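Here are some notes to read alongside the structure if you are meeting it for the first time. They take one topic at a time, so keep the viewer open and follow along.

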Amino acid sequence: MDATPYGRFVALVLFDQALTQITKQRQSIEKQCEALEEKRTELMSRYEATALELKNEIKHRGELELSLGTLAQEKQRIEHKIDTTRNAKEYEALQQELESVVTRQNADDERLIIVWQRIEQFEGALKSAEHEMVDALKSVEKELEEKRALLSDLERLFSDKERLRPAQREGVLEQWLSMYESMRAALIPNPAVTLAGSSCSECGVIVPRTDVASVEKHQFVFCQQCHRILFDRHAVE
Ligand SMILES: [Zn+2]
């Protein structure tokens, strides 16, 4: 490791960049976990929606069967009256009443057939949804488990590395350190950046030749556009 104050400064910046990289990886994996959790919820709610439709149709079937039972009793009652009446007017009224009951029975019968078909459909859909859901859930859970393991590895790596930071600060000139740390405290992303040829690698502005020369002489130079510290990474190579 370069023991010059400048070399120590560059080493600190690179160390911090590695920490930032770990944080970015963590954030990206956290997002992937969130997406997987959403997918899991969606899978379950799709299954539950089919199950609810089936439940509703079964309820509907029960209602229709009950109604048909009542209509059959009604029909029996009217037929008995028709058999016993001697009044022509009443006979006529009863015949009409009977006709209306039979019409309602036929309508309910037709509905019942449709409901039975729908129940069969939903039962089939539910069964295949269940298979699909179980398989899809398994793979989502497996992926989640892997990502979470990766996440805890990265968290461990981060905290292990972060513990070394005080030692990493040693040997850096106090005024450089305070400048750099205050930029970090202001949450400026990448407060110190390298030159890409003669441009700032962060904002791309062309750095004046005198500034490039100063960077090469390991002096403290700021980018005139993005105000970041420009440093020479070759100082630690
Ligand atoms: Zn810049």
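1. Start with the sheet. This is a predicted model, and in it 4 strands make up an open sheet with mixed pairing, in the order β2-β1-β4-β3. The edge positions go to β2 (199-200) and β3 (221-222); each has a single partner strand, so one side of each has no neighbour in the sheet.

2. Now for the pairings, beginning with β1 and β2. These strands run antiparallel and are joined by 2 bridges. If you want a pair of residues to click on, leucine 195 stands opposite cysteine 200 in β2. The hairpin that β1 and β2 form has 2 residues between the strands, and glycine 197 takes a positive phi there, near 70 degrees.

3. Next, look at β1 and β4. Strand β1 (residues 192-196) is joined to β4 by 3 bridges, and here the strands run parallel. Valine 193 is a handy marker, since you will find it opposite leucine 230 in β4.

4. That leaves β3 and β4. Strand β4 (residues 229-231) pairs with β3 over 2 bridges, in the antiparallel sense. Phenylalanine 222 has isoleucine 229, in β4, as its bridge partner. As a general reminder, strands of a sheet pair through backbone hydrogen bonds, either parallel or antiparallel.

5. On to the helices. How far apart are the axes of α1 and α2? Helix α1 (residues 5-84) packs against helix α2 (residues 88-162) with the axes 5 Å apart, at an angle of about 165 degrees. Because angles over 145 degrees count as roughly antiparallel, α1 is roughly antiparallel to α2. Their crossing is left-handed. As for what sits in the contact of α1 with α2, its residues divide into 37 nonpolar, 25 charged and 8 polar.

6. A quick check on α4. Helix α4 (residues 174-185) has 12 residues, which at 1.5 Å a residue should span 16 Å, and its end C-alpha atoms are indeed 16 Å apart, so the two agree. Look just after α4 as well: leucine 187 has a positive phi of about 60 degrees.

7. Finally, step back to the whole chain. It is divided into domain 1 (11-166) and domain 2 (173-236). Taken over C-alpha atoms, the centres of domain 1 and domain 2 are separated by 59 Å.

How values were computed. Residues are numbered from 1 along each chain as its sequence is written. This is a predicted model: local features need pLDDT of at least 70, side-chain atom pairs count only at pLDDT 80 or more; totals for chains, interfaces and linings use all residues. Axes are lines fitted to C-alpha atoms, for helices over the stretch in contact, and angles run from 0 to 180 degrees between N-to-C directions. Angles under 35 degrees count as roughly parallel, over 145 as roughly antiparallel, 65 to 115 as roughly perpendicular and the rest as oblique. A crossing is left-handed if the near helix is turned anticlockwise from the far one by less than a right angle, and right-handed if clockwise. Ala, Val, Leu, Ile, Met, Phe, Trp, Tyr, Cys and Pro count as nonpolar, Asp, Glu, Lys and Arg as charged, and the others, Gly among them, as polar. The expected span of a helix is 1.5 Å times one less than its number of residues. Domain bounds come from an automatic or database domain assignment. Two strands pair if DSSP finds at least two bridges between them.
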